[in-house]
Amino acid sequence: MVFAESYSHVQKQEQRVTASMIQGLNMLSLPAQAMYDYLVELSMANPMLDIPEPRALEAYGGTPGTGENFTAIEAGRDPAYYDNYSRSGADADEDFDPYYSKGVDLESEALAGSLKLQLSMCRLSPVEEAIGLEIIGDLDESGYFTGSLETICLLYCQSLEVGRRVLSVIQGFQPRGIAAANVYEALCLQVDASFPYGDLAKRIINEDLQALCDSSPAQCAARYNVSESCMCQVFDYIRSLEPRPGNCDERPLQINYIVPDIVVERRDGELHIYVSGEGDNPLTINDYYLHLLDQPELNAEEKHYLRQSLNSAKALIHSVDIRRQTLSRAAHALVALQRDFFLHGPENLRPLTMQQLADEMGVNVSTVSRIVQDKYISTSWGMFPLKRFFLRALNGCASAEFSVEAAKRRIEDLISSEDSASPLTDDEICADLEKEGFRISRRTVSKYRQAAGIPSCIKRKRKET
């Protein structure tokens, strides 16, 4: 008996992710400066790759201190500050401090050194000075004394009274309030004897410190049987004190340089878009190793290695080109969707989702997510992360004109232009916004106001008076 075998043909489509595709996706997620560092690392591992430093840096935005596309970001400090204090390399070498290269905490070292210097000038006995050094060594980062005075006195065979006397001497050092046991003692130590209401200030610090946040001066004035103007002076004085004496010195500046991946310039009413690295590809094939591949003296293994390196180099150069083209498409799509922002300012930022940008580009939303990751755009209105342009619409407002960002900015504008004698309440701000078309609750107004660091109308009025 013979059985006929049956065969069936089934067609199916498969998509395989190659190593070069994975590399391209990873490169798309990298910002400009990290991209350059990544290319340098790959060029060091592949003899067929060259990345000339001057061209590469120029393509990716310049160098810190010379390129116009670099921005110095430091909390609370205008970038122009650094332009006014820029130095040449020779000047920088003269001011070089070896402690920075060793990673020493200069702030804590400076504070301890200052206290030890003041201690050495107090003409204490050797044992008292030794106790003082132990106390200074037991100060935490906030300047509080966290050690045990009894243990220190026992170590040096001295009475507790001697230890308390030395501690009292140190608490008179600068910065004021140092070596206190807690925030209440630190604030009381800072109350100057020349302040006319010093006793009242210390009493409020020890007994009713929360009143500075929860109560008005009028309520506290009635409670302590003083005038309202007197209580206002006490409140302002206590707020001027430093709750953490050890942190009163300015910390060393931390400067981070940001290279924008996209630059949008407005000239003569037109928008000009540039992408980092959109000029010549910074990667090139090494001529020496390329010619070496044709030499007959190379064995088969060496030629195989060079051919693999050449193929890898060509694939990487192609991936860099694809990344640049994708960023360029994203930049043009973003400018098309947020044109009012680039022409007229941040208050014209419209609600936008990553899906909308993906539809405009004709790509998957995951590609857009990689594009905006850790990347910045330089505009006429400043430097912004790309994620800043994706805003949700305000709840209840179907129109694209009413975004959360627009509501926040309008709240700030209303408060900045209010009558200082009669500040706007949250209900009044809510009513004004509803007249302009914003459907927003008083609770939301309060949340946005607090997020912007703006105090309530009562505190704004008290501050003006």
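The following paragraphs describe the nonpolar cores of a predicted model and the surroundings of selected residues. Residues are numbered from 1 along each chain as its sequence is written, and side-chain values use heavy atoms, with hydrogens and water left out. Because the model is predicted, local features need pLDDT of at least 70 and side-chain atom pairs count only at pLDDT 80 or more, whereas totals for chains, interfaces and linings use all residues.

The largest nonpolar core (buried Ala, Val, Leu, Ile, Met, Phe, Trp, Tyr and Cys residues joined through side-chain atoms within 4.5 Å; buried means under 20% relative accessible area, exposed over 50% and partly exposed in between, with a 1.4 Å probe and protein chains only) holds 29 residues, of which Val-264, Leu-334, Phe-342, Ile-377 and Phe-389 touch the most other members. Among the elements (DSSP runs numbered from the N terminus, helices being H or I of at least four residues and strands E of at least two) that give two or more residues to this core are strand 4 (262-267), strand 5 (270-275) and helix 17 (300-337); helix 17 gives the most, with six residues. Beyond its neighbours within four places in sequence, Phe-389 is in contact (heavy atoms within 4.5 Å) with residues including Leu-334, Phe-342 and Ile-377. A second, separate core of 20 residues includes Ile-204, Leu-212, Cys-230 and Val-234.

Ser-319 also lies in helix 17 and counts as buried because its relative accessibility is 9%; leaving aside neighbours within four places in sequence, Ser-319 is in contact with Ser-20, Gln-23, Gly-24 and Met-27.
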